[in-house]
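Below is a short note to read alongside the model. The points begin with one pair of strands and then move outwards to the chain and its partner.

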Amino acid sequence: MTRHQSDMTAIVQFENVGLRYGLDSETLSDVSFSLAAGGFYFLTGASGAGKTSLLKLLYLAQRPSRGVIRLFGEDVVTLPRTRLPGFRRRIGVVFQDFRLVPHLSAYDNIALPLRVAGMEEKEIDAPVAEMLSWVGLGDRGQARPATLSGGEQQRVAIARAVIGRPEILVADEPTGNVDADMARRLLTLFEALNRLGTTIVVATHDLPLMSQVTGAQMMRLDKGRLADPTGSLRYPARSRQAE
Amino acid sequence: MSSSRASRRAAAAARHRLLPGGRLAGPMPWIIAIMMFLTVLSAAAGLALGAAVQAMSADLAGRASVQVVEADAAVRDQLAARTLQALRQASEVRAATPVDPAALADQLRPWLGEDAASADLPVPALIDVTLTPGATEAKVDRLRRLLGSIAPSLRIEPHAAFLLPLAGLLTALGWLAVGVVVLMTVATGAVVVLAARAAHDSHRGTIDVLHLMGSTDVQIARLFQWRIGLDALLGGVLGFAFAVATLLVIGLRLDATGSDLLGAVALDGTGWALLALLPVAGVLLAVITARWTVLRALGRAL
């Protein structure tokens, strides 16, 4: 695969990206990689390696201090902030701390992306009910996050991230609070979404989990730098759809 | 039709759930109610005083009193009759009417007691003069000369001169009321800015999540502006209702005094209509201020 061919299918491109918080030393340095549309990627690394920071750049919660980030073929570093919402709607995010809205029910939390996208109320009920059922919370739709266990909250967060059928799904330690069976089910959901064309990026320490997804690629961060001895991630892998 | 209305209601309910807090739960509606109460009272005072000054000016502008000062009652009556005849023939005068001595005595009775009606008391005879329209001062000067030619003791006093200081006072009070309305408007805007900032800060977590899901600043600002607009509507209606009740009670008290002067301090239909616009203006002010405040705050985030 040539570099030119790879760029044609790249949905995410980082070029020499650096991120610095305030006057501290760089949290991320010279990060360059490309992710293919429809790929499945794991992001791993020790605590403090910069995984969450990299994901923040990816889901547009942060602008880099330097370098170029292209999402869906557009440079998002110089993009006016009024255009960011359109990009964010194409990205689903499972936050490490879930970030469920505490005063909303599980149902309303999951429905949030659809309402933000302006979907009619009558069209919201069916997909939300289906998603609740899928994550095993069919009977807990009206429960507030505070009354849910950590694992249940995480499932609500995942349902919320995927309900809008995002083009990119970014998940920060999505299986950290669930048992092995639920972790397997969540991974199955991610794979199903991936087969539908969603590019998946999962930050995790869970090596057994990574080994369960055939064809997935791994990015490893080490002290803010991408440790990629094989160089495979400098160019996008073939889309799983194309396999 | 009804399903789309139900859908809109459901969407509104969902938006309402995003920013928790029941109606009249916080201090905002109550503060707005107090502001609106004071604003309506001030505006009513300004409008009523303005109307009173206008009515007074219109009423007094073309009028004057002629005093026939003569100690001898018989001579006074003769002189009054001659003066009346001369005034009625003057081109400057539209109407000249002698004031009934009994009515005059009634007006003097609170100060002079029953002696006010005594023939021994040299009370001047009075003639009410209504001038033809325009150039009051010049006409009064000409009439003064005419009266001087009849008898040097005759005096003419334009009514406007008596009440000029009072009209000035009422005008000043009217402007003071307008100033209070302006200050209240500024204070209401400041309260809304503080409330919007506080609401923005207390819902920062929700706002961050909404932003990351692709909410636009306008979508988020809309949540706050409708919430604050509803609070302002509730507070405004409450404050307006109390102010109207207060004005009606004051109106009854003014009527009870029987004073023509105080009776002139009243609101006409236009005045009431303008007052009714104040809660609407209050809601608009709150909505626009809240939107502007929240958009500014959101603009500082990515």
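**Notes on chain B**

1. Strand 1 (residues 63-68) of chain B and strand 4 of chain B run antiparallel to one another and are joined over 5 bridges, where pairing requires that DSSP find at least two bridges between the strands. Within this pair, B:Ala64 stands opposite B:Pro158 of strand 4 of chain B.

2. The side chains of strand 4 (residues 154-158) of chain B alternate, with B:Leu154, B:Ile156 and B:Pro158 buried and pointing to one face, whereas B:Arg155 and B:Glu157 point to the other and are not buried. Buried here means that 20 or more other C-beta atoms, placed from the backbone, lie within 10 Å of the residue's own; with 12 or fewer a residue is exposed, and in between it is partly exposed.

3. This is a predicted model, in which local features need pLDDT of at least 70 and side-chain atom pairs count only at pLDDT 80 or more, while totals for chains, interfaces and linings use all residues. Residues are numbered from 1 along each chain as its sequence is written, and chains are lettered from A and ligands numbered from 1 in the order in which they are written.

4. The mean pLDDT (the predictor's confidence in each residue, from 0 to 100) of chain B is 85, and 95% of its residues reach 70 or more. Confidence in chain B is lowest in helix 9 (residues 260-263), with a mean of 70, and highest in helix 10 (residues 269-299), at 92. For the complex, the predictor gives an ipTM of 0.84 and a pTM of 0.74.

5. Chain B contains 10 helices and 4 strands, these being DSSP runs numbered from the N terminus (helices H or I, at least four residues; strands E, at least two). The radius of gyration of chain B, taken over C-alpha atoms, is 31 Å, against a value near 19 Å for a compact globule of 302 residues, by a rule of 2.2 Å times the number of residues to the power 0.38. Along the principal axes, its C-alpha atoms fill a box of roughly 100 × 40 × 40 Å, and 31% of the 302 residues count as buried.

6. Between the chains, 17 residues of chain B are in contact with 22 residues of chain A, contact meaning that the C-beta atoms, placed from the backbone, lie within 7 Å. On the chain B side, the elements giving two or more residues are helix 1 (2-18) and helix 7 (204-212), and helix 1 of chain B supplies the largest share, 6 residues.

Definitions and conventions. Contact = placed C-beta atoms within 7 Å.
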